[in-house]
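Below are my notes on the chain, as numbered points. They deal with the contact between two domains and with the pairing of one strand.

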Amino acid sequence: MSEEIIGKDVKRIKALEKVTGSAQFVHDMEVQGMLHAKMKLSPHAHARIINIDTSKAESLPGVWTVLTGKDLPYKVGLYLVDKDILASKKVRYQGEPVAAVAAETIETAEKAVELIDIEYEVLDHVLDVKDAVKEDAPLVHEDLAELERAPVFFPQPGTNIAHHTKIRKGDIEKGFKEADYIIENEFDLPMVDHTAMETHTSIAQWKPGKKVKLWTSAQSPFAVRNLLANGLNLNHEDIEVVVPYVGGGFGGKAGIHFEPLVTCLSRASEGRPVKIVMSRMEEFNSVPVRQGLYSKLKTGVTKEGKIVAQETEFLWDSGANADYGVNVTRAAATAGVGPYEIDNVKLDSKTVYTNKIFGTAYRGFGHLEILWAIERQMDLIAEEIKISPYEFRMKNALREGSVTVTGEHIGDSHGKVTECLEAVAKEIDFDNRGSDDLKPGKKRGKGIALLHKAPAMPTNTGTAAFLKFNENGTVNLTVSLVDYGQGTYTALAQIVADQLKIPVEKVNVVWEQNTETQPYDWQTVASKGLFMSGNATIKACEDMKKQLKEVAAQPLRSSVEDLIIEDEKVKIRHHKDKCITFKELAMGYTYPNGNAIGGPLVARGNYIAQGLSNLDPETGQGLPALDWTYGAHAVEVIADQETGEFEVVKIASAFDIGKTINKSNVIGQIQGGVIQGYGSAVMEGYQFSEDGKLLTNSFTDYKVPSIADIPELKPILIENAQKDGPYGARGVAEHPMISVPPAVGNALHDALGVKIKEMPVIPEKIFELIEKKNNS
C-alpha cells in the first residue's frame with residue numbers, strides 16, 4: 001500500500017465543473033421535440049375515483065396526451081409491487097398523481113391539468129399507525145394478497161401490515177425473570193423529507209420496436225432499467241438509462257419514481273420525448289419520504305447494570321405504499337437493539353400502511369429512527385438504576401466475542417464501538433457534567449449515543465468495474481456506482497493511482513452512467529459504494545497489471561514473475577533501468593521493426609457480497625450484514641430551565657471507518673451527515689391535518705438547518721481495519737446522522753431532567769414537559 005496517495009486529501013473529482021456550472025444535470029437538458037409533463041394530484045387522503053373528465057384538457061391547443069389510471073394497467077415496485085403509475089380506482093394519499101398531461105410548453109401542461117375534472121367519493125382514512133393495525137381500520141390496500149413481492153417479505157392480507165420481521169433470541173420470559181428492573185417507554189418520530197437540492201426529474205423517449213431511452217436524476221441506473229422492464233413488460237436490453245450529474249439523493253432517488261409515467265406519456269405522444277420536473281411543492285406532496293416510526297421498548301436490567309432482556313415493537317408508518325418500506329423494516333430489525341449484546345430478545349418490526357405520502361429509503365435506512373428509541377431508552381434506564389450513561393453503555397456494548405441479535409459473532413474485523421464512545425466522551429468532558437459557570441436559569445447538558453449499521457441489500461448484491469488505457473497512458477475507470485455528492489469517485493481514483501503506481505491526475509473516472517456501456521451495479525445505496533466498488537476496482541487493477549506484465553515480458557525478455565509495476569512503467573525487478581512505459585503498452589507494443597503485440601488494454605473486476613444469508617422468517621436468525629460500521633456522538637447543549645429554549649453548542653462524532661482513503665471526503669461526509677441528523681432532531685418533520693392534508697409543503701413551513709444553525713463540529717476518525725475491505729476500509733456515508741437525535745435528546749434530558757420521547761425536539765414541547773414536571 002502506498003502512503004503517498006491512500007489516506008491523503010485529494011481534490012474532489014469534477015468539483016470544478018460543479019462550482020462553475022458546466023456540469024449538466026437532467027434539469028438542464030433539452031431534447032429536440034421535447035414535450036413537458038404535469039400531474040393532477042389527489043386533494044383527498046382516501047377516496048374512490050368516480051369519474052375523470054379529461055375532454056377540456058384534451059381540446060386545449062398544445063396538448064398532445066392526457067393519461068389516467070385506466071390507461072396504465074401497471075404496477076411498479078422493487079420489493080413489494082404495490083404502486084400504481086397513476087391512481088386507479090381510488091386514491092390513497094393527498095398528493096397522489098391521478099392524471100398526467102404532456103404538452104408543448106410547461107405553461108400549457110399546467111393549464112391543462114387545471115381543466116381536468118375528477119369526481120371523488122371520500123372514504124374513511126387512517127393516519128396513525130397505532131390505529132392502522134386495529135382490526136376495524138380502513139384498508140389502504142384491499143388487494144394485498146394479490147400483489148407481487150420478493151420472497152423474503154411477508155404481507156398480511158386483510159390488514160394494513162405490509163410486512164412483519166420477527167427477531168427471536170434466547171428466552172425472553174426467562175430474561176425478564178432475571179431482571180431487577182423493568183423499564184418501559186414509547187417513542188415517536190414523524191416522516192421527514194430528503195430535501196435534495198435537485199428535485200426529481202426525468203426525460204423519456206419511446207422509440208420504434210418498443211425501445212426506450214431515459215435521462216433521469218437517479219441513484220441507480222440499473223435498478224431503474226430493471227424496474228421499468230418488469231413494470232411495463234419490456235426487454236431489459238431495449239431500455240437505455242442515462243444518469244448524468246445528480247444534485248443529491250439521500251435515498252430519495254433510489255428505486256424508481258416518475259420514469260414509468262414519462263415513458264408512457266412519450267409512447268402515447270408518438271415517440272416525442274417527454275420531460276417531467278417536480279416543483280418543490282410537488283416534491284413535498286408527491287415524492288416519497290423517510291418513514292415515521294412508533295416504538296415501544298420494554299427492557300430488563302440487573303442491579304449491576306447488565307441488560308438481560310428486551311422486548312421491542314416497531315410500527316413503521318410506510319404511508320400509502322410499502323415498496324421500499326418493507327426493506328427498511330427488515331434492515332432496521334437486524335440492528336434493532338443497537339450496538340449492544342442482549343441474550344434474550346423479542347422484536348417485532350412491522351411495515352404499516354396509512355393514508356399518507358409513502359416512505360422510501362432515507363440516509364441511514366431506518367437506523368436513525370430506531371436509534372432515537374434505543375438510545376433514549378438507554379439514558380432513561382441509566383437514570384432509573386442510578387448508573388452513569390457512559391458506564392451503562394460500556395457494560396453492554398458489543399465487542400469481540402459478542403453475538404448480535406441475528407446470531408452473528410463479532411470478530412476482530414468488525415470495528416470497535418467502545419473506542420468510539422471513549423473518544424466522544426473525552427471530547428466533551430462527559431464525566432464533568434453539571435459543573436459550569438452559566439448565568440442563573442441556564443443549564444449545560446451533555447448527552448451521548450452509540451450507533452451501528454450494516455448495508456441493507458440482497459444476499460447476491462454485485463458490482464463490477466472496467467479499466468482501459470488511453471493512447472497517452474492515462475486510464476479510464478468505469479463503474480455504475482453513482483457519485484451524487486458522496487465523493488466516492490475520488491476515492492476510487494486514488495485506489496487506481498495506488499494500484500497502478502500512476503499520478504491520480506492520470507485517472508479519469510467516467511462520470512455519466514449509461515446502462516448500454518457501463519458495467520452492472522445493483523444500486524448506489526447502503527454505504528456499500530467504497531467497500532464493494534473499491535474491491536471491484538482493485539480486482540480490475542490486478543487484471544490490468546497482469547496484462548501489462550504479460551505483454552511487457554516479451555520485449556523485455558523476462559519472466560512475468562520478475563516484473564514489477566512502478567512509476568508508470570513495467571520494470572525488471574533486478575534491472576530497473578530495463579523498462580517499458582505504460583504509454584508504449586497501452587494500445588499494443590510495437591517493436592522497432594514495426595511488429596506489434598498485445599493490443600488495446602482493457603481490464604475488468606467484479607465483487608459480490610459474500611457469506612450473507614436470508615433471515616429465518618420466525619426467528620430472524622441469519623447473516624444479513626456484509627460489514628458493520630460503528631460510531632458514537634456526544635452533544636453539548638445550553639438550555640433555559642424555564643422556557644425550554646436551547647442551543648446545541650458542540651457535536652463530537654467518532655466512527656470506526658477501518659481505513660481512511662480520502663480524509664477530506666470522510667470529514668465532509670461526517671459534517672454533512674451530522675447536520676442532516678441535527679435537522680431531524682430539532683426542526684424537521686411532516687405535519688398533517690386531521691383530514692390527511694400535508695401542512696408542511698414548502699420551506700416556509702418545513703424548516704431545514706441553515707449555516708446560522710451549525711454548532712461546533714468535531715469529527716474523529718478511528719481505524720480498526722475491516723480485513724475484507726479495500727485497504728481495510730468500510731462504509732461511512734449514511735452513519736454520521738443516525739444517532740445525532742438521541743444524543744441531542746439525552747443532552748437536554750441531562751440539562752433539564754425532562755423525559756423527551758418525541759421528535760423533533762422543539763422548545764414548545766420541552767416547555768410542556770417542564771410544566772408537567774413542575775406540576776407533578
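**Notes on the model**

1. Domain 2 and domain 3 have C-alpha centres 36 Å apart. The model is predicted, so to speak of local features a pLDDT of at least 70 is needed, side-chain atom pairs count only at pLDDT 80 or more, and totals for chains, interfaces and linings use all residues. Residues are numbered from 1 along each chain as its sequence is written, and side-chain values use heavy atoms, without hydrogens and water.

2. By the domain assignment (bounds from an automatic or database source), domain 2 covers 31-123 + 200-277 and domain 3 covers 289-406 + 414-457 + 613-775.

3. Contact (heavy atoms within 4.5 Å) involves 17 residues of domain 2 and 22 of domain 3. About 1,700 Å² is buried between these domains, 56% of it on carbon and sulfur atoms; buried area is the accessible area (1.4 Å probe) that two parts lose on being put together, summed over both. On the domain 2 side, Tyr79, Tyr93 and Phe250 lose the most area to domain 3, together 34% of what that side buries.

4. How many salt bridges cross the interface of domain 2 and domain 3? The rule (a side-chain nitrogen of Lys or Arg within 4 Å of a carboxyl oxygen of Asp or Glu) finds zero.

5. Strand E2 (residues 47-53; strands are DSSP runs of E, at least two residues, numbered from the N terminus) pairs antiparallel with E6 (residues 90-91) over two bridges; pairing requires at least two DSSP bridges. E2 is also joined to E8 (residues 117-122), antiparallel, by six bridges. Arginine 48 stands opposite lysine 90 in E6, and its bridge partner in E8 is glutamate 121.

Terms used: Helix = DSSP H or I, 4+ residues; strand = E, 2+ residues; numbered from the N terminus.
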